Amino acid sequence: MKLASRMSRLGTETAFEALARAKGLEAQGRSIIFLGIGEPDFDTPEHIVDAAKNALESGHTHYTPSPGITEVRQIIAAAMSSRLGYKAAASNVIVTPGGKPIMFFTILALVEEGDEVIYPNPGFPIYESMIRFAGGTPVPMRLHEERGYNPDVDELRSQVSPRTKLIIVNSPNNPCGSVIPEADLEAIAEMANEVDAVVLSDEIYKDFYFEGEHVSITKFPGMRDRTVVLDGLSKSYAMTGWRVGYGLFPHELVEPITRLVTNSVSCTAAFSQMAAAAAIEAPQLSVRSMVAEFKQRRDIIVQGLNEIPGITCPEPKGAFYAFPNITGTGLTSHEFEVRLLEEAGISALSGTSFGAFGEGFARFSFANSQENLREALRRMREWVSTL
Ligand code: PLP
């Protein structure tokens, strides 16, 4: 069968393949500690599950309008308004099955041949994949280890041009756990205004801060009308399998993105939308206690990694990933990932799963118990001593 040539440009997210490999080893009887996939290990809070049950029982089992149930969009808009500090209209909110479709649809709607898209590297792999798929030219915004995995604004300035159609920012960042300093966000906003670029601000980790609070790029002049804010329920409420995300779009993008939703998935599952509304409206106690637990785990893993010869790990400021430099082990990132799984029974990801600038690094998701993290660190220390 001859695939369309565009398929050769579509990448992937290797986290899912790595998970399958690790599960395969586990099925053969090996003890595996899972620090690969980026999903909270907590159960979805009970009040959210109850809301979904009620929704199913009360008939939320049909198609909904493509951009989402009106009341759900209103609830999301109200929460976004109070978080972002300005009035976000419900008519600008589009609900999708997870946060990923927001980037998929935004890039498809905006990018074509000749367009350049600046995106974080290391960064979420779907950005680069989708830019190439849409025919655009990916321009990596390098996140430098020595800057706490943040971009060099001067370097960025040299990359921005009238061909820049879209700039993607992700703070807190996956895979680095870094948070873009406010002054740098402001500089990026100025550049976007200068060249009339749209900004896709991926704020899916906005609740995962170990110090300070989230700042959105929409705060800066001229940004509300040129920024797509990507957010969702997957991480904050441990709802990865429910598939609910949403975007806040500038007016001109609402109709085209809605058309993409209608052409692809029609709408997001009705009962998932109702559960999402309940999650957003209830007191946010479960989010706070989850983040407090993640903070303790961060301290354990960062300290433990730094005690292993050949590995150095800065402290992530947000999200739930540690991104150590592993060059001192003498292994490439890929060798590190493969051998760590096979020889030490730990599933983690190579830094290059997140782009070429991830070479020399590995990503550990600390979405696992403190006990398992300690055991992983013990195994890793022993394994590294055999290299
Ligand atoms: N954005 C980033 C940076 C992510 O890490 C993820 C998930 O790993 C997503 C978006 C998409 O999340 P989902 O589609 O599961 O809501």
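Here are three short exercises on a predicted model, each with a worked solution.

**Exercise 1: the cysteines**

Work out how many disulfides the structure holds.

*Solution.* Start with the cut-off: two cysteine sulfur atoms make a disulfide if they lie within 2.5 Å. Now take Cys176: the nearest cysteine sulfur belongs to Cys313 and is 10 Å away. Turn it around, and Cys313 has the sulfur of Cys176 as its nearest, again at 10 Å. Neither Cys176 nor Cys313 is in a disulfide. The count for the structure is zero.

**Exercise 2: buried or exposed?**

Decide whether Cys176 and Cys313 are buried or exposed.

*Solution.* You need one cut-off here: buried means under 20% relative accessible area. Cys176 comes in at 3%, so Cys176 is buried. Cys313 has 6% relative accessibility, so Cys313 counts as buried too.

**Exercise 3: around the ligand**

Describe the ligand's surroundings, from the residue shell down to single atoms.

*Solution.* First, the shell: 14 residues surround the ligand, and the closest are Gly99, Asp202, Tyr205, Ser234 and Lys235. Sort the shell by class and you get five nonpolar, five polar and four charged residues.

Next, zoom in on atom pairs. Gly99 uses its backbone: an N or O atom there lies 2.7 Å from a ligand oxygen. Asp202 uses its side chain, with a polar atom 2.6 Å from a ligand nitrogen. Arg243 also brings in a side-chain N or O atom, 2.9 Å from an oxygen of the ligand.

Then check the cover: on its own the ligand has 400 Å² of accessible area, and the protein covers 94% of that. Last, the place: the ligand takes up the space of the second largest pocket.

Conventions
Residues numbered from 1 in each chain as written. Predicted model: local features only at pLDDT ≥ 70, side-chain atom pairs only at ≥ 80, totals over all residues. Heavy atoms only, no water. Buried < 20%, exposed > 50% of the residue type's maximum accessible area, 1.4 Å probe, protein only. Near = heavy atom within 4 Å. Polar contact = N/O pair within 3.5 Å; in protein donor to acceptor, adjacent residues only side chain to side chain. Areas by Shrake-Rupley, 256 points an atom, 1.4 Å probe, with all protein chains shown as cover. 1 Å grid on protein atoms, 1.4 Å probe; cavity = no way out; pocket = protein on both sides within 12 Å on 5 of 7 lines; lining within 4 Å. Sits in = over half its atoms within 2 Å of the grid points. Nonpolar A, V, L, I, M, F, W, Y, C, P; charged D, E, K, R; others polar.
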